[in-house]
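Let's take a friendly tour of the rings, charges and empty spaces in this protein. Please keep the viewer open as you read.

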Amino acid sequence: MDVYEVSNREFKKFVDATGYITEAEKFGNSFVLEGEVPEQTRSTISKAVLGAPWWLPITGADWTHPAGPYTNITNIMDHPVIHVSWNDGLEYCAWKNKRLPTEAEWEKACRAGKKDRLFPWGNKFTPNNTHRCNTWQGSFPYTDQGTDGCIGLCDIHTYTPNAYGVYNLIGNVWEWTYDWWTANHQSYTGTLRNPTGPNTGTDKVKKGGSYMCTKEFCYRYRCGARSSNTPDSSAGNLGFRCAADLLPDYLNK
């Protein structure tokens, strides 16, 4: 498992080398949190997501323009790349000779080998009153007070890694996994050992929650929590990290 989420800096290397165009760029829009949209853009918007009015479909929002055409990534190169679909993540990982992690791999990395652990570091969310991940503090979706040290997204290096050395597995951005979604994610293989998900589906599993999560509204910043999106979906709180199979020792020499 990669220790970091893929950053804008690393994704730019991929795009520069390959000329890759993300699905958000092809579609011409992506979803952005209303409070992050520049006023000159917000005044032109007349639509929102039904049941989630804080999500605005912004024309021109993509990985290089995270809140629309008046924004850029110049000063946030170490933020996780966003507005990337599952398909985009698959292409990047393949370029790195890696792949997206399965849900089971992601959970094992999150719990750092422990059983039934709520968070990457243990079962208390703020041990010694210390924040260890980036979530929302305040009245969602109006004010993020940033008492965890971050307002909005934070750099991929922020906070202390877990016992496996992995950073930001919960909070910050949702992370794509390889698996197709099913409601009972332990039912599809007939075994609890390294399940790999159903063979087909319509949505892909995403894990970890994001900076927009609060316990009152979206308590999904837990190792076992999960959600889903279609493989071509993108949003301002959705990214990924890569994983790879270990080679036998004789192939590493």
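## Buried aromatic pairs

A residue counts as buried when its relative accessible area is under 20%. In this predicted model, W136 is buried, and F140 is too. The ring centres of W136 and F140 lie 5.0 Å apart with the planes at 80 degrees; planes over 60 degrees apart count as edge-to-face, so this pair is edge-to-face.

Searching the whole structure gives 20 aromatic pairs. One of them joins Y92 and F240, edge-to-face, with 5.5 Å from centre to centre and 70 degrees between the planes. Y92 belongs to helix α4 (residues 86–95), while F240 sits in the loop between β6 (238–239) and α6 (249–252), so the pair ties together parts 148 residues apart in sequence. Y92 and F240 are both buried.

## Cluster and charges over rings

Which residues join Y92 and F240 in one aromatic cluster? They are F11, F14, Y20, W63 and W95.

Two tryptophans have a charge over the ring: K206 places its charged end over W174, 4.8 Å from the ring centre, and R226 lies over the face of W181, at 4.2 Å from the ring centre.

## Cavity and pocket

The structure holds 1 cavity of 30 Å³ or more. The largest cavity encloses about 90 Å³, and its lining of 14 residues has P120, W121, R132, T160 and N168 nearest the centre. That lining comprises 9 nonpolar, 4 polar and 1 charged residues.

The second largest pocket offers about 440 Å³ of space. Of its 21 lining residues, W55, W174, K206, N229 and N237 lie nearest the centre. By class, the lining of this pocket has 13 nonpolar, 6 polar and 2 charged residues.

Technical notes:
Residues numbered from 1 in each chain as written. Predicted model: local features only at pLDDT ≥ 70, side-chain atom pairs only at ≥ 80, totals over all residues. Heavy atoms only, no water. 1 Å grid on protein atoms, 1.4 Å probe; cavity = no way out; pocket = protein on both sides within 12 Å on 5 of 7 lines; lining within 4 Å. Points joined across faces, edges and corners; volume = space filled by probe spheres on them. Nonpolar A, V, L, I, M, F, W, Y, C, P; charged D, E, K, R; others polar. Phe/Tyr/Trp six-rings, centres within 6.5 Å; stacked < 30°, edge-to-face > 60°. Helix = DSSP H or I, 4+ residues; strand = E, 2+ residues; numbered from the N terminus. Buried < 20%, exposed > 50% of the residue type's maximum accessible area, 1.4 Å probe, protein only. Lys NZ or Arg CZ within 6 Å of the ring centre and 35° of its normal.
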